[in-house]
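This report concerns the strand arrangement in two sheets. Please view the sequence and the model together while reading.

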Amino acid sequence: MKRSLLFASASLAILAPAPAALVNLLPLQKGTVAVTCYSNSNWAYNPPTDPNGPVLALFNGSAAELASAGTGVGTVSYNWQFSHNETAIQSGTPSPSREWVGRNLGEIFGIALDDAPSPNLYVAATTAYGNATWPIGNGPGTVYRLDGTSGAIKAFPQIPNAGSPAGQAGIGAGLGNLCYHRVGTNEWLYVTNMGDGRIYRLNVATCTLDATPFDHGTQALPNVGLTAIADNPALVFTQPERRPWGIGVHGGRLYYSVFSGVNTSGAIFHQTEVWSLALDGAGNFMPATALREFIVPPLVGPWVNGTLNEGTAPRANAPVSDIEFSDSGSMFLAERYHTALYGFIAGTHATRVLEYTGASTSWATIPASPPPYKWQVGVDNSLGRPIDNSAGGVAPACDGSLWVSGDALHTTLKAYGLQRIKPGGNLGDSPPQLNSQIIDLDGDTVNYDKSLIGDADVFDKCSCFEIVGEPVRCPDPGKPFTYTFKLTNKSTYTGHYLWFNACLPSELGTGAVTTVPQVPGAPAGPWVIPGGPLGPSQMTMVTVELPEVQAGQKVCFRITMLDAHGELCCSDKICVDLPVCDCITVLVKQITCAETPVGPVFTLTMTLRNVSNFPWLHLALLPPSSFSPSAFALSPPVLPGGTRTIVTQVLGKSGDRLCFDISVHDGTLENCCSIPCCITLPDCGGIRPDTCDITAIEPCCPRSDGTPGTFAKITMVLCNNGSLTKTYVVTPAGVSAAGCTKTLTAASFIPATQTVTVPPNTCQAVTFEVACEGFVPGDCAGFVLCAQVEGPAPNTNPKLCCEGRVHAPSAGDPTVEDCHQQPHPVVAGGTTILEWTVLNPSNQPLNQDLRVFTDILDPVGVGAPGTEPMSLVSIPISIEARGTKLLRVEVTVPASSALMPGTAFPISFVADSGRIVLSTLLQIVSTAPSPLAIVDVAFAAPENHALRIRVVSPSARRVKLQRSLDMIVWGDEPCTLPPGSGLRFDSFIGNGLPIDCEVPCDAAEPRVFYRAVLLEP
């Protein structure tokens, strides 16, 4: 076990909140910039870690956003779009466990992106900021994968010898940096370890650690005649001469920086070195090829600060923490401040971004004799020294610009974060930010973030050529598809050949296929570019055939451009959407519906014309599970040019959009073709689809009778929106839930199933008990409740499903006596005061705001007595240690509520932890009957002479409108429901609420009378 070290940093001030342009930047898009930082943005001596502090941010650096932001000073205060994958902006099923904060990732520095269409991010644990803590189960040797679409977090196995066990603050060396490298179908992450000085390899596909790392101290130093240096296990950080940090892959070699080496001139100060070794065809280390590429030139003054290397004398270099390569082959190094050889003492300044060009054994700095430097990070703070404020991250973009992380990025505003330096550098810019964009990482330009900024990376996939394709047209029968495109050479070399190949399976998105394009009349293999060699910025037209593909497919392939000798080349994936070449024309498509006790039944009628060149004997609707029947034998056959009408029932509910394929075949089933078709199932006679709702998170509470164990009550509010009584079977089940480790089984639910009969246009609550066996504070488990209208076996009626979670309240949350109480009676059209006794179980005073809400579709209001009722309200509570408090809540139910007497619905109380500590039911005990009346008439669309008529009617009764010019002779008046939908009905079903109905109005008529009439049940 390596011994512990203490870490130090400068004394700083408290930071203000982050900017307000919080948006979801996932899936990762081109131009997105990622940057790491310390979890605690309080600039104070040795700041503690913050479990809720962001440690990784995404910023929108797209071309459109850069154009909007402009350049120069104003970009510091520009409202940059950003995110840390906050729960509030997550898509799918949001979860706090996916937030990129200290409690989920610990402290991280290094970043790498893979080559997925929306790249995944990989980050590495660090102690580069000083203090560090680790999430439970992980530690200073952890690499995390962050999904590029959802942001979900997955940890790789611990890299050994990086530090001490999880949960111990300030202990361990941590990891340095990492890079991604694909070799064929193999995907690797190469990671530097500050603890033992080795470079480790992680298998991305299998999430495993390769057993044989590369050791610079023992395997590389002897290659250049230096004495081997083995790791000293008594040190937290391995010796500087064998300690790698920055890392990158280029030209088949793995480049890495070594923390400190002895200057060849014999000077005593230390300098960073850059080394490399070859990787074989599978991505394996080849230690015998390791060599020292160059020694990073020393930092030279003037920098007078009274203690460190006054005047123009060279001084010890800051180490290189990041190595990146541009698409043109330039190497970029970013230094990070570091003054302790055997630990991290954070600081800033005297750190550069350097550019090298060339190749292995022949790298040269650009410019050749710095300083001054081509890439100036930040400002000089009037100290008269070179502008060198790198925070350790550099990311080249395709346009030749650089994204760099840095300190002191502005003269007067305290901007710390990211700087985008224009292509070609900013050596001639005065001030140096004149043509740059600057992003302050936390949006606070009053206080410092000094030494708290980390690595940076950008998703900006580059290509050496540009493809602009013409639309693909349907080919003549028996001919392949052809693709014609304009190819522009964007590289710095002359292209002589093009080579077409298939894509790897891992490169294909969902539904895409691959092929090898063929040049008409040319053999396979490299092909001479038409029109002769293609110089930089020149263009040519190319036409290829796409064999073995079908209409409607997305077809992908790789194009490689080579120079005259095949030594310079680049490759890119191209995807082409093939058109749907119709063989079927739909002449008539009509959907009708009829209501039955088991719900609406939809009938689809289609008249189809054969526009193919073969007769149809068979027709299928795919997927078949949506239709009855789904297959048709066509007798007599439908000849080319002929038509046929088919009729089938469609399974689903009103509002469903169903997309399917119509597939036709000849008698041999060899000739076939299909077309896609989509339908939307209509509103059936004014009947809305049935709905369900649940309380999303239910607490586990002790049983009031003293029986051991805890349980939760889960409730589904099931609404029958039809005009006929329906009987539902409701079944619970356990499901996985993000961030939850407990799993519910069938035995967890009491009862196992329930049958409930719901009258038309009413809602009813169905409650189950869930046994929370083995739950400790903070545990949770997912569940789903599904309701299905009874029907003959096999029951094909659609299911209504609602998901939620049960959880054990976190330690420190308030609790409620008998939290699963009987339903509390409330009156529709009135206000009811309800009371609960709240306990503080801890030994400390409790001061919180309880958020109270009703999780139901109906507009029920809650609030403290005497306050304005709202759907969500915060009520402050203050309870002494081990004390109790009477909580009074006022519940208001509108008289127009669609909930019938006897209907129960949930009300929930949420603590500061985000956990629900009380969820119980409210039950309507009475409501006034709705009269039949027209309550309002107004213009719905004056320009179209349309009237909106508002009708209130009793629930579950059918109503029709009538019209008269003299109040003597009345005629039925169909109306449009809802207004503006175009769906006209002769009558509709009342639900106790006002219903808006739109009718036409003739402006030439002097007056018109309307009345509402109840039809017989």
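The text below treats the two sheets in turn, after a note on conventions.

The model is predicted: local features need pLDDT of at least 70, side-chain atom pairs count only at pLDDT 80 or more, and totals for chains, interfaces and linings use all residues. Residues are numbered from 1 along each chain as its sequence is written, and side-chain values use heavy atoms, with hydrogens and water left out. Strands are DSSP runs (E, at least two residues), numbered from the N terminus; two strands pair if DSSP finds at least two bridges between them. In general, strands of a sheet pair through backbone hydrogen bonds, either parallel or antiparallel.

One open sheet holds 4 strands in the order β4-β5-β6-β7, and its pairing is antiparallel. The edges are β4 (108–113) and β7 (153–155); each has a single partner strand, so one side of each lacks a neighbour in the sheet. On average, neighbouring strands here are turned by 25° against each other, direction ignored; axes are lines fitted to C-alpha atoms, and angles run from 0 to 180 degrees between N-to-C directions. Within the pairing of β4 with β5, I108 lies opposite A125 of β5.

Another open sheet has 5 strands, ordered β45-β53-β52-β48-β50, with mixed pairing. At its edges stand β45 (697–699) and β50 (754–758), each pairing on one side only. The average turn between neighbouring strands of this sheet is 30°, direction ignored. In β53, V806 stands opposite E698.

The table sets out one strand pair from each sheet.

| Strand pair | Partner residues | Sense | Bridges |
|---|---|---|---|
| β4 and β5 | β5: residues 121–125 | antiparallel | 4 bridges |
| β45 and β53 | β53: residues 799–807 | parallel | 3 bridges |
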